[in-house]
Amino acid sequence: MQFQQIAVSIAAQGGEGGHEELAPLWAEPWVFGVTMFAILCVLMFVTLSYTNLGNRHEPVDEHSDPHRQHPAKHSGFGH
């Protein structure tokens, strides 16, 4: 069905001359690619800056709470 719609729209454009005026760009096409690449590089460096966040402090042992429930470790409940 979608291919039929595409074929009909292409055929309709062919009757009008098939040439549409392109929208004007405010910069050269390669500028858009370089800008996107630079933005993604900045985001990558921001992401990499958080990789050492867990190594700032010594690990602290978890408090052992005897009243804490662990549903997967109790027999007779659920499964």
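I looked up aromatic pairs first and counted one aromatic pair, a pair being rings of Phe, Tyr and Trp (its six-membered ring) with centres within 6.5 Å, where planes under 30 degrees apart are stacked, over 60 edge-to-face and the rest tilted. The rings of Trp26 and Phe32 have centres 5.2 Å apart and planes at 75°, so I entered the pair as edge-to-face.

I note that this is a predicted model, in which local features need pLDDT of at least 70, side-chain atom pairs count only at pLDDT 80 or more, and totals for chains, interfaces and linings use all residues. Residues are numbered from 1 along each chain as its sequence is written, and side-chain values use heavy atoms, with hydrogens and water left out.

I then looked up accessibility (buried under 20% relative accessible area, exposed over 50%, partly exposed in between; 1.4 Å probe, protein chains only). Trp26 is exposed at 73%, whereas Phe32 is partly exposed at 27%. Of the 79 residues in the chain, 1% are buried. The chain exposes about 8500 Å², of which carbon and sulfur atoms supply 63%.

For secondary structure I recorded two helices and zero strands, taken as DSSP runs numbered from the N terminus (helices H or I, at least four residues; strands E, at least two).

Last, I looked up Tyr50, which lies in the segment after α2 (29-49). Tyr50 has a relative accessible area of 54% and is therefore exposed. Together with Val42, Val46 and Leu53, Tyr50 makes a nonpolar surface patch of about 390 Å².

Note on methods:
Patch = residues over 30% accessible without salt bridge, like charges linked within 9 Å, V, L, I, M, F, W, Y side chains within 5 Å. Areas by Shrake-Rupley, 256 points an atom, 1.4 Å probe, with all protein chains shown as cover. Salt bridge = Lys/Arg side-chain N within 4 Å of Asp/Glu carboxyl O.
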